[in-house]
Amino acid sequence: MRLVTRISVNTLCALALAGLAACGTDSPKETGPFADQSGPEVVNKALDKTNGVKSLRIGLDLTTPDGRIKADFASSLGGDCTGTMSMGGEGRMDVVKTGDTVYTKFDEALLREQSKGEPKEDVDAAVELLAGRWTESKASDPDTKDSIEFCDLKGLLKEFEASDNAAKKEGPTKVAGTPALRLTEKEGKETYTIDVAAEGAPYILRVTSRGGEEPMTMNLSDFDVPVVAEKPAAKDIVDLEQ
């Protein structure tokens with residue numbers, strides 16, 4: 001994740017969930033749907049449930065030495081995906097993946113940021129041609145794979161495997177209005193917080209990491225909600241071959 005244009009889903013989830021093997025003990029008695037379960041039992045149940053979805057939405061706010069990364073993607077096991085990403089606070093990229101075809105759109109700020117060091121004439125020409133317009137490519141193209149890491153839901157869910165043995169219950173909380181149980185774990189200087197839905201299915205709603213070199217917040221939502229990925233209008237797509 002040092003290069004802001006290349007984010008590995010597996011690496012992201014490994015960072016978010018790495019704390020689920022640290023030390024901890026359960027807090028005193030509490031009420032609610034998880035009252036008779038230990039912290040690790042709650043987390044493992046939530047991991048199993050989250051791992052079984054066919055689609056979800058992931059929101060990421062991550063700070064790296066190279067800058068801040070924010071992303072918001074809805075992905076499905078069927079391959080359809082839509083999302084946005086901003087990197088280093090400079091500009092925005094939009095992505096639509098439908099089947100094996102990927103449509104990507106950059107705004108002017110991101111194009112100029114990613115073209116630093118290039119001749120001004122070339123940068124201006126690229127901005128005039130591409131800013132605010134979609135480009136079309138194949139998902140298998142090497143240059144495209146970097147922009148659709150968050151569309152690989154199968155790869156993302158591989159990290160949600162039940163293996164916790166130490167989560168500590170902290171008490172009730174809410175995530176976007178949904179009642180949840182908060183659990184924490186520590187690994188070295190980092191503290192991980194895991195919020196598990198306390199109403200309905202026990203999905204993982206949020207994972208945060210604080211105290212390390214790359215603090216982050218990852219929100220999960222829209223579990224099993226169909227992903228609608230539509231091809232942009234033809235007039236808004238740049239034909240790069242021409």
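The exercises below deal with salt bridges in a predicted model.

Residues are numbered from 1 along each chain as its sequence is written. Local features need pLDDT of at least 70, side-chain atom pairs count only at pLDDT 80 or more, totals for chains, interfaces and linings use all residues, and side-chain values use heavy atoms, with hydrogens and water left out.

**Exercise 1.** State how many salt bridges a search of the whole structure finds.

Solution. Start with the criterion: a side-chain nitrogen of Lys or Arg lies within 4 Å of a carboxyl oxygen of Asp or Glu. The search of the whole structure gives 10 salt bridges. Glu108, Arg112, Lys120 and Asp124 are joined in a network of such bridges.

**Exercise 2.** Locate the partners of the salt bridge between Asp72 and Arg57, and describe their exposure.

Solution. The N to O distance for Asp72 and Arg57 is 2.5 Å. This pair links distant parts of the chain, 15 residues apart: Asp72 is in strand 2 (residues 67-76) and Arg57 in strand 1 (residues 55-64). Strands here are DSSP runs of E, at least two residues, numbered from the N terminus. For exposure, buried means under 20% relative accessible area, exposed over 50%, and partly exposed in between (1.4 Å probe, protein chains only). Asp72, at 26%, is partly exposed, and Arg57, at 35%, is partly exposed.

**Exercise 3.** Classify each partner in the salt bridge of Asp94 with Arg92 and in that of Asp236 with Lys235.

Solution. Asp94 and Arg92 meet at 2.8 Å, N to O. Asp94 is buried at 13%, whereas Arg92 is partly exposed at 41%. In the other bridge, the closest N and O atoms of Asp236 and Lys235 are 3.2 Å apart. Asp236 is partly exposed at 28%, while Lys235 is exposed at 65%.

Methods. Helices (H or I, at least four residues) and strands (E, at least two) are DSSP runs, numbered from the N terminus.
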